[in-house]
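Reader: I would like a close look at a single part of this model, taken slowly and with the terms spelled out.

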Amino acid sequence: MSADSANTKAWQSRAGRETLFRRALMMKKIRAFFDARDVLEVETPLISRYATTDPHLDSLATRFREQDCYLNTSPEYAMKRLLAQWQQPIYQICKAFRDDELGPNHNPEFTMLEWYRPGYDMMRLMAEVADLVRYLFEQAEAEPVFEYLSYQQAFQNVTGIDPHHISAEQCFKYCVAEHVEVPQGLRPEDDVNHWLDWLLTQQVLPAFNRSGFTFLYDYPAAQCALAKIESGLDGTSVAKRFELFYGEVELANGFYELTDADEQLSRFCRENEERQYIGKKASNIDENFIDALRSGLPDCSGVAMGLDRLIMVSTGAERIDQVLSFAWDRS
């Protein structure tokens, strides 16, 4: 922590002066990177009549003229509406909001970079993500190091488990045999993907290079979110999505985007069913987004990157409040 951020008064920012300058420079460099590649910057609303259906996320709610509305968890749906209309590459730097945990890597309001590339598959977009990170870190002491692991490779390297061909019961037995603590409420009869999520955080991510970047890709088909599902090398169906980590910290989440409106609507409905199963309220499905898909989303890939966390990596900050002008407790 810098001297500027230590022992600050309640009205002051915990971020040091140098950190705020580096943050401003990073924003300029991001815009220069996309300008050089003819990717158009856009702005979309931060407030919507629709909340996320993702059972793992919760939208922050507000009201306008007696109507319920929500702060966006991501600009994804609105950006895809523009993409369907204009059919050209776009990017956006904006605030996003999530009713989520507070902690060293989490703040309810954060800065997101999101972009979409028509004609790109998942691997080509991953290469561009790496190009951007290298450009942003070009003045660093050491050039960024990247490792590329399929979800299957990452699990097998650490646990010996094939995540595409394992049951929840087998995951439970693995935890017992390897003395992996099982959280309260996770049962052998639960969805296998809940077990895989747990093993990912407890076993797989801690094995990643702690001072390097790791792309994790080709997730289990059931974890597809908004990604296409295709056959992997062994014929197993996989979700064409990826995440970028620095050590164990997630920085970006990308998809080879699903363009089938009926399939997307079906997934939203299933997510709402899961929300209700775990005791959450079902969300209204964004009909404008579905209509945009029906009109024709180009074959494309897209990615969302948390810029606050990326700035943490570039500055060596240990907590997100050290790179924000004002974190939640001082907002």
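Reader: In which sense do β3 and strand β4 pair, and over how many bridges?

Author: This is a predicted model, in which local features need pLDDT of at least 70 and side-chain atom pairs count only at pLDDT 80 or more, while totals for chains, interfaces and linings use all residues. Residues are numbered from 1 along each chain as its sequence is written, and side-chain values use heavy atoms, with hydrogens and water left out.

β3 and β4 (residues 67-71) pair in the antiparallel sense, over 4 bridges; strands here are DSSP runs of E with at least two residues, numbered from the N terminus, and two of them pair if DSSP finds at least two bridges between them. Within this pairing, F64 stands opposite Q67 of β4. The sheet is an open one of 3 strands, ordered β2-β4-β3, with antiparallel pairing, and its edge strands, β2 (47-48) and β3 (61-64), each pair on one side only.

Turning to the cores, the largest nonpolar one has 41 residues, where such a core is a set of buried Ala, Val, Leu, Ile, Met, Phe, Trp, Tyr and Cys residues joined through side-chain atoms within 4.5 Å, and buried means under 20% relative accessible area with a 1.4 Å probe, protein chains only. Helix α3 (residues 122-136) gives the most to this core, with 8 residues, helices being DSSP runs of H or I with at least four residues. Among the residues with the most contacts inside the core are F34, W115 and M305; contact means heavy atoms within 4.5 Å. Leaving out residues up to four places away in sequence, M305 touches several residues, including L113, V129, V133 and L244.

How values were computed
Buried means under 20% relative accessible area, exposed over 50%, partly exposed in between (1.4 Å probe, protein chains only).
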